[in-house]
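Welcome! Please take a look at the structure below and keep it open while you read.

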Amino acid sequence: MRIECACLDDTLRVITASAVDLIPGAEQAGIALRTSGLRFDSRAATGLFPRRIDALQQESGEGPCVESMRKRATVLVTDMRRERRWPAFSSESSAVGVGSLLVLCLYTDDVHGALHVHSSREGAFDDRSIDVGTSLATHAALAVIASRREDQLRTALASRDVIGQAKGILMERFAVDADNAFALLRKLSQERNVPLRRVAGHVVDAGR
């Protein structure tokens, strides 16, 4: 399940569309959005190349996006047919028509994924491509951070509401004050080794 709000997808689509328009040499673009470790979801692809590139790397566990996230570095493939760092990936990518590839890591204090842009031509990307791509990758990383913080805030507010409802039910049922009701919830959570919010949810469901 995606934890980001729907507006993140819209933002990422704007970024990949801008990448195609603004990065010299770019024909298609996509974003590999990190989920855990070096695993990622394929997002905001503008065409076949980025979707296929992501699928190949997810299958093999290696490739330029994986390397970019692992090293927090820009990865440039100037000629896919001659690329030897990931032989199976390079062969498959060349077969679907990718001539060159530029990958830019999305990171701030942590790695969030990679923006990758593609061309059917060899040697399509230069220093200007990297400069423009780096700027867009920074915008993408900040968008991911903002979305995840918003989701964390929504989760925290929802947890507080559920816990408050559960406390009210316990206060009424057992004629205790708010502190004792919360202490009871916490005790149940510890005894059952279940998160406090889930215990509160069970109490609310049972009280309906």
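The report covers the nonpolar cores, the strand pairing and an aromatic pair.

## Two nonpolar cores

This is a predicted model. Its largest nonpolar core holds 24 residues, and L12, I23, I31, L115 and V117 have the most contacts inside it. At least two residues each come from α1 (6–22), β1 (28–36), β4 (100–107), β5 (111–119) and α5 (127–174). Of these, α5 gives the largest share, with seven residues.

I23 is a good place to zoom in: leaving aside residues up to four places away in sequence, I23 touches S18, V117, F125, S129, V132, G133 and L136. There is also a second, separate core of 19 residues, and I53, V66, V98 and V103 are among them. As background, nonpolar side chains in soluble globular proteins tend to be buried together.

## Strand β4 and its partners

β4 is largely enclosed by the rest of the structure, because seven of its eight residues are buried. Strand β3 (residues 75–77) runs antiparallel to β4, and three bridges join the two. Here V77 has L101 of β4 as its bridge partner.

With β5, β4 pairs in the antiparallel sense over eight bridges. L106 stands opposite G113 in β5, and a hairpin of three residues joins β4 to β5.

## The aromatic pair

The model has one aromatic pair by the ring-centre rule. W86 and F89 form this pair in an edge-to-face arrangement, 6.1 Å centre to centre with 90° between the planes. Are these two rings buried or exposed? W86 is buried, at a relative accessible area of 4%, and F89 is buried too, at 2%.

Conventions. Residues numbered from 1 in each chain as written. Predicted model: local features only at pLDDT ≥ 70, side-chain atom pairs only at ≥ 80, totals over all residues. Heavy atoms only, no water. Phe/Tyr/Trp six-rings, centres within 6.5 Å; stacked < 30°, edge-to-face > 60°. Buried < 20%, exposed > 50% of the residue type's maximum accessible area, 1.4 Å probe, protein only. Core = buried A, V, L, I, M, F, W, Y, C linked by side-chain atoms within 4.5 Å. Helix = DSSP H or I, 4+ residues; strand = E, 2+ residues; numbered from the N terminus. Contact = heavy atoms within 4.5 Å. Pairing = 2+ DSSP bridges.
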